[in-house]
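Grab a pencil and work through these exercises with the model open beside you. Try each task yourself before you read its solution.

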Amino acid sequence: MKALFVEDAYLSTAEALVTSVREDGGIMLDQTCFYATSGGQPGDTGFLERDNGERIEIAGAVNGATKSEIIHVPAPGQPSPEIGEKLVLHIDWERRHKLMRMHTACHLLSVVCAYPITGASVSETDSRVDFDMSETIDKAEVTAKLMDLVNANHRIYTQWISEEDLDANPDLVKSKNVRPPRGQGRIRLVCIGEDAAIDSQPCGGTHVTETAEVGEIHIGKIEKKGKENRRFRIRFGPAPD
């Protein structure tokens, strides 16, 4: 299965052929623009359109036995397609774009707070990043630094490196507990700034192509989750007075 979003996160529609339908109803295709839940980012929702105009509503997308398998999970009561049937895929673009902006915001936060990441979760309105840190930090100060990065409108792009290159540059991995998936011989990096001057880290998620597209964001809350763990919550819009 070809994951089209890996090279083009803005592809909201695509054509695909049904390769199999699982016993649980999950639909497998030869290619897809649906992102599967991974790395703290939720899978896409949307619908698959048949030749007769009938819709198969998709409640989510998840990985199968490997990252290369993406299962499209139908909402309850949906019709089942035939093997070999041609479908037009439509993701919920408004939702996806919010997730792209939020995921990018999480990367920017990891630049402002250069501590090991112990957990993260991306959502459409309120995302979180957990850091292995004990220091006290002012949320208004973090917000101001985030917005400096947003307003500078740095370029965002992806590039591939070999697994050997990653081994030679272990500091590229910011997560304390999770390592990038291996086995394909190469690792995808998400880079911010010309020549990755702002940031570069392994990530398979979807992102916008320039920081200004993130829009206005703020740190809504910083929570203490243990002696050496702080949880930062990112929200869209200006900080409340």
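**Exercise 1.** Work out whether Glu 124 is buried, exposed or partly exposed, and then do the same for Arg 95, its salt-bridge partner.

*Solution.* Start with the cut-offs: buried means under 20% relative accessible area, exposed means over 50%, and partly exposed is in between (1.4 Å probe, protein chains only). Glu 124 has a relative accessible area of 31%, so this residue is partly exposed. Arg 95 has 14%, so Arg 95 is buried.

Before going on, note that this is a predicted model, where local features need pLDDT of at least 70 and side-chain atom pairs count only at pLDDT 80 or more, while totals for chains, interfaces and linings use all residues. Residues are numbered from 1 along each chain as its sequence is written, and side-chain values use heavy atoms, leaving out hydrogens and water.

Next, check the bridge itself. A salt bridge is a side-chain nitrogen of Lys or Arg within 4 Å of a carboxyl oxygen of Asp or Glu. Glu 124 and Arg 95 meet at 3.3 Å, N to O. The pair links distant parts of the chain, 29 residues apart: Glu 124 sits in the loop between β9 (117-121) and β10 (126-131), and Arg 95 in helix α1 (residues 93-112). Helices (H or I, at least four residues) and strands (E, at least two) are DSSP runs, numbered from the N terminus.

**Exercise 2.** Find which residue forms a salt bridge with Asp 126, and how far apart the closest N and O atoms are.

*Solution.* The partner is Arg 235, and the closest N and O atoms are 2.7 Å apart. Now place them: Asp 126 is in strand β10 and Arg 235 in strand β15 (residues 230-236), 109 residues apart. Asp 126 is partly exposed at 23%, and Arg 235 is partly exposed at 26%. Last, look around: Asp 126, Glu 223, Arg 233 and Arg 235 are linked in a network of salt bridges. A search of the whole structure finds 16 salt bridges.

**Exercise 3.** Work out which strands stand at the edges of the open sheet of three strands.

*Solution.* First write down the order, β11-β12-β13, with antiparallel pairing. Two strands pair if DSSP finds at least two bridges between them. β11 (156-162) and β13 (199-202) each have a single partner strand, so one side of each is left without a neighbour in the sheet, and these are the edges. Then zoom in on β12 (residues 186-192), which pairs with β13 over four bridges. Cys 191 has Ser 200 in β13 as its bridge partner.
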